[in-house]
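Work through the following exercises with the sequence and the model side by side. Each task is followed by a solution that proceeds step by step.

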Amino acid sequence: MARTLDEIILPDEFRDIYDEEDGLKKFRLFIGGKWVKPRNGRYFSVKSPSTRRVLAEAPLGSRDEALEAISEADSSRSRIRNLAAIDRIEILEAASRLIAKYEDYLVSILVSEAGKPLVYAKAEVNAAMERMRLTLEEARKIYGEYIPGDWVKDTKNKFAIVLREPVGIVAAITPFNYPLFSPIAKIAPALVSGNSVVHKPASDTPVTGLFLAKILQAAGLPDGVLNVVTGPGGEVGDVFVSDPRVKAVSFTGSTEIGSKIPAKAGLKKLHLELGGKAAAIVLKDADLDLAAEKITLGVVKNSGQRCDAISRALVVKEVADELVGKLEERFRNIRFGYPWEEGVQVGPLINEKALNHVASLVEDAVSKRALLLVGGKNHGLIYEPTLLDHVPLEARIAWEETFGPVLPVIRVRDEYEAVEVSNRSNLGLDSAVFTNSLYSMWRIAKTLQVGTVSVNDAPAHGVGNFPFGGVKDSGIGREGLGYSIDELTVIKTVSVNIAPSGLWKGR
Ligand code: NAP
């Protein structure tokens, strides 16, 4: 059981995944079912976002190790593909039980290396277990289809069976903000449908990915079926994306990185979950207490480091003063601080670059005459929950993904201007609309260029019961229980000539 929450503590039985030097854990790579030291002997520091102390060292995987991981995944393809589906399911069920067993360790690692507030770290571990359980239920629906041929003249003497087959090797590349859930949302559907996997966790949060690999190994996954290489995205991730043996890339991360993947990937299946700039549109007839409550949570949850975070409010001017008053009261009462403290909702941002980005967006807005009502200060990497009013459309924060606990309020004339401003963004992941009019809701939902519209609620992807994903620069493909399985499988048609049966001869 973990003692503190700014320290990497592992169960005794995880001793083979790291070496220890001067009290510091130096993790190993997971390739071909073995825990190996990096060949070049190089490591990088995993730092606590809360205190910036070095928590551990992670292996600086190289191009060679990325290639080796792909070779192992390639040569072990038959090991997973030829396992009966029920055996694959049982391995993942065992992994799920191990996640439950090691829940406290996982929560502690999420708080330590990701700076995730305790309440959200616990929620992530629970969501990961739930995602695993529900993926396994969904896996039992990978049936394929029977299509009779005699409805069409040229296939009159045939029938077809349509099979769903694994693509082969899946590259799972994941971001820092959900270091456990995001890998599970890719690796579980990939494995259960018979793929082998190479995984690259984010460099800010590599330990969770390695911990998860150990769990899957302990659950009985055959050697080589899952390989985890930590190291620079531009090197390890780049090899995973461009190697022709990899048949699908499932990437979650920024639009900046993700938008360059199609050109490098060639003819692979691509599932890209990228950045967002969710607008909360608030109309005259909205329930303003509900809107204020949901918008506040939609901004600050997980310190605002979510692709589905509300990162601008487009408020019709007649209700703007009243709504801003309610938001201000709520923003002033949000507890920020160290992520292990009970009740903290806003903890540190992930690193200095993230802090500078958020601070520069707020400074830019204020320099363009936005009104700073709450926050605008930082304490180390903790950025205070921040509310800006009268934000002009020239401000960068009206358009750029914020990834921090900041809400810019933009006042608009009416519903039509709100939709026009929302749609002017190059991003199209999520949006929310607050109204009590069915007709306004429907008009807006049909007109917004986004993957998901949340009505009278903040966007929340949860465990993936509803499909989610983006349009425009927010990505390609859909994440979700069955949808993720679809992304990582291909259809094979088996067409059978049944003329010898003597049917359809008009007897
Ligand atoms: P990021 O910087 O784009 O990194 C994501 C992953 O890509 C990391 O593992 C990174 O490795 C790797 N990478 C970097 N360069 C690469 C390259 N050239 N080729 C292949 N992989 C490469 O994103 P992040 O800062 O970790 O995460 C935040 C972003 O993710 C936000 O934009 C957020 O909106 C998005 N996100 C989207 C969703 C969604 O469902 N749409 C969900 C969560 C997050 P390194 O860490 O080593 O650089």
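**Exercise 1: a glycine in a helix**

Gly258 is placed in helix H9 (residues 255–258), where helices (H or I, at least four residues) and strands (E, at least two) are DSSP runs numbered from the N terminus. Before going on, note that this is a predicted model, in which local features need pLDDT of at least 70 and side-chain atom pairs count only at pLDDT 80 or more, while totals for chains, interfaces and linings use all residues. Residues are numbered from 1 along each chain as its sequence is written, and side-chain values use heavy atoms, with hydrogens and water left out.

Task: determine whether Gly258 is buried or exposed, and which residues Gly258 touches.

Solution. The relative accessible area of Gly258 is 0%, so Gly258 is buried (buried means under 20% relative accessible area, exposed over 50%, partly exposed in between, with a 1.4 Å probe and protein chains only). Not counting residues up to four places away in sequence, Gly258 touches Phe251, Leu272 and Leu274, contact meaning heavy atoms within 4.5 Å. Finally, Gly258 and Ile476 are 218 residues apart in sequence, and their C-alpha atoms are 9.9 Å apart in space.

**Exercise 2: the surroundings of the ligand**

Task: describe which residues surround the ligand and which polar atoms lie beside its oxygen and nitrogen atoms.

Solution. Begin with the shell, in which a residue is near the ligand if one of its heavy atoms lies within 4 Å of it: 30 residues surround the ligand, and the closest are Thr174, Ser203, Ser254, Leu274 and Glu401. These shell residues divide into 13 nonpolar, 12 polar and five charged, where Ala, Val, Leu, Ile, Met, Phe, Trp, Tyr, Cys and Pro count as nonpolar, Asp, Glu, Lys and Arg as charged, and the others, Gly among them, as polar.

Next, take the polar contacts (pairs of N or O atoms within 3.5 Å; within protein, one must be able to donate a hydrogen and the other to accept it, and residues adjacent in sequence count only if both atoms are side-chain atoms). An N or O atom in the side chain of Ser203 is 2.5 Å from an oxygen atom of the ligand, and a polar backbone atom of Gly253 is 3.3 Å from an oxygen atom of the ligand. A nitrogen atom of the ligand lies 2.8 Å from a backbone N or O atom of Leu274. The ligand taken alone exposes 910 Å², of which the protein buries 85%, the areas coming from the Shrake-Rupley method with a 1.4 Å probe and, for residues, only the protein chains shown counting as cover.

Lastly, locate the shell in the fold: helix H8 (233–242) supplies its largest share, four residues, and strand E12 (248–252) supplies at least two.

**Exercise 3: two domains**

Task: state how many residues of domain 1 and domain 2 are in contact, and what each domain gives to the shell around the ligand.

Solution. The assignment gives domain 1 (63–274 + 478–489) and domain 2 (278–455), with bounds from an automatic or database domain assignment. Their centres, taken over C-alpha atoms, are separated by 32 Å, and 19 residues of domain 1 are in contact with 21 residues of domain 2. The shell around the ligand draws at least three residues from each of the two domains.

**Exercise 4: positive phi in two loops**

Task: find where Asp22 and Asn456 lie.

Solution. Asp22, in the loop between strand E1 (18–21) and strand E2 (24–27), has a positive phi near 50 degrees and is exposed at 82% relative accessible area. Asn456, in the loop between strand E23 (452–455) and strand E24 (471–472), has a positive phi of about 55 degrees although it is not a glycine, and counts as partly exposed at 22% relative accessibility.
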